[in-house]
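Biologist: I would like a close look at a single part of this model, taken slowly and with the surroundings included. Please keep to what the coordinates show.

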Amino acid sequence: MLMKPFFMNLDFKSGALTPSDRVNVRKLSHMKGMFFDAEAERRTLEKGDPLIYSFSEKILPEENGHLQLATTIIYPGKIGDEYFMTKGHYHRRSDTSEAYMGMDGEGYLVAQTAEGDFEPIPIRPGVVAYIPPYWGHRMVNTGSAPFVFFAVYPGDAGHNYGDIEKAGFVRVLVERNGKPLLIDNPKWKKG
Ligand code: PA5
Ligand code: NI
C-alpha cells in the first residue's frame with residue numbers, strides 16, 4: 001500500500017508544524033559540556049535550566065527515497081559569551097545532504113568536515129542553505145529574538161552526535177562588543 005500525499009501547516013513565526021508527531025526539547029542540562037565556558041554553564045545551571053531550543057518533526061519512514069521534515073526554534077540567549085545553538089551533528093549515513101531555510105530571526109549555520117574544513121553561513125528569513133554530504137552542521141541564534149528554520153533531509157540520513165558531543169565545532173560564535181565573532185574552539189580536535 002503506497003503512502004498517500006499529505007500536507008502540513010508551517011507557522012513561520014513560531015516554527016510550529018501542524019500536525020507534527022514529535023516535539024523535542026533541549027535544555028542546557030541536555031547539552032552538558034557543549035558550550036565552551038564550563039564555569040558559565042555551571043553558574044547558569046545553579047539558577048535554573050534554560051530552554052535552548054526545541055524542534056518539531058513529522059515521523060516518516062527512515063528509508064531511502066523518503067524525506068524527513070523538521071522545524072527548529074532556537075531561543076535567544078548566551079552561556080557566558082557563547083550564543084544559544086543546536087547540538088549539531090553529522091548524519092549517521094554521512095554521505096547524505098540537507099537543506100535549511102531561515103523563517104524568522106537571524107543566526108548562522110556553521111558547517112565542518114571531520115578534516116577540519118569550516119564554513120559559516122549567515123541565515124535570515126528566506127535564505128536557503130545547502131549542506132552537502134559529509135558536512136557536520138549546527139545552527140546558532142546570534143539575534144535577540146527566536147531563530148526559526150525549516151530542515152529537509154533524506155529519510156535514512158539519521159543523526160550522529162557522538163563526535164560533536166566530544167569535541168564540538170572547529171570554531172564557536174561568541175558576542176564581542178555587541179556583535180557575533182567566530183573564535184577558535186580550544187576543545188576541537190580532528191575526528
Ligand atoms: O535535521 C536537522 O539537521 C535539524 O532538524 C536538527 O536535527 C534540529 O535543528 C536540532 O538540531 P540537533 O539535531 O543538532 O540537536
Ligand atoms: Ni542534519
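How are the donor residues of the nickel ion (ligand 2) spaced in sequence?

Modeller: The model is a predicted one, and in it the donor residues of the nickel ion (ligand 2) follow the spacing H-x1-H-x6-E-x38-H along the sequence. Coordination comes from His-89, His-91 and His-137, each through NE2, and from Glu-98 through OE, at 2.1 to 2.4 Å. Within this set, His-91 and His-137 link distant parts of the chain, since His-91 sits in the loop between β7 (82–83) and β8 whereas His-137 belongs to strand β12 (residues 136–141), the two being 46 residues apart.

Two of these donors also lead to the other ligand. Glu-98 is listed with Tyr-53, Thr-72, Tyr-100 and Tyr-161 as the closest of the 16 residues that surround ligand 1, and His-89, a nickel donor through NE2, has a side-chain N or O atom 2.9 Å from an oxygen atom of ligand 1. Tyrosine side chains contribute polar contacts as well: a polar side-chain atom of Tyr-53 is 2.5 Å from an oxygen atom of ligand 1, and for Tyr-161 the distance from a side-chain N or O atom to an oxygen atom of the ligand is 2.4 Å. On its own, ligand 1 has 370 Å² of accessible area, of which the protein covers 99%.

The space that ligand 1 takes is the largest cavity, and the elements giving two or more residues to the shell around this ligand are β4 (51–57), β5 (67–74), β8 (98–104) and β13 (147–154). Strand β13 provides the largest share of that shell, with three residues. Sorted by class, the shell holds eight nonpolar residues, six polar ones and two that are charged.

Some backbone details elsewhere in the chain can be set beside this picture. Tyr-134 is found in the loop between β11 (128–131) and β12, the strand that holds the donor His-137, and Tyr-134 has a phi near 80°, which is a positive value in a residue other than glycine. Asn-177, also not a glycine, has a positive phi of about 50° and lies in the loop between β14 (171–176) and β15 (179–184). Finally, the peptide bond from Thr-18 to Pro-19 is cis, with omega near -5°, and Pro-19 is placed in the loop between β2 (17–18) and β3 (22–27).

Terms used:
Residues numbered from 1 in each chain as written. Chains lettered and ligands numbered in written order. Predicted model: local features only at pLDDT ≥ 70, side-chain atom pairs only at ≥ 80, totals over all residues. Heavy atoms only, no water. Near = heavy atom within 4 Å. Polar contact = N/O pair within 3.5 Å; in protein donor to acceptor, adjacent residues only side chain to side chain. Areas by Shrake-Rupley, 256 points an atom, 1.4 Å probe, with all protein chains shown as cover. 1 Å grid on protein atoms, 1.4 Å probe; cavity = no way out; pocket = protein on both sides within 12 Å on 5 of 7 lines; lining within 4 Å. Sits in = over half its atoms within 2 Å of the grid points. Helix = DSSP H or I, 4+ residues; strand = E, 2+ residues; numbered from the N terminus. Nonpolar A, V, L, I, M, F, W, Y, C, P; charged D, E, K, R; others polar. Donors = N, O, S within 2.8 Å, 3.2 Å for Na, K, Ca; no water.
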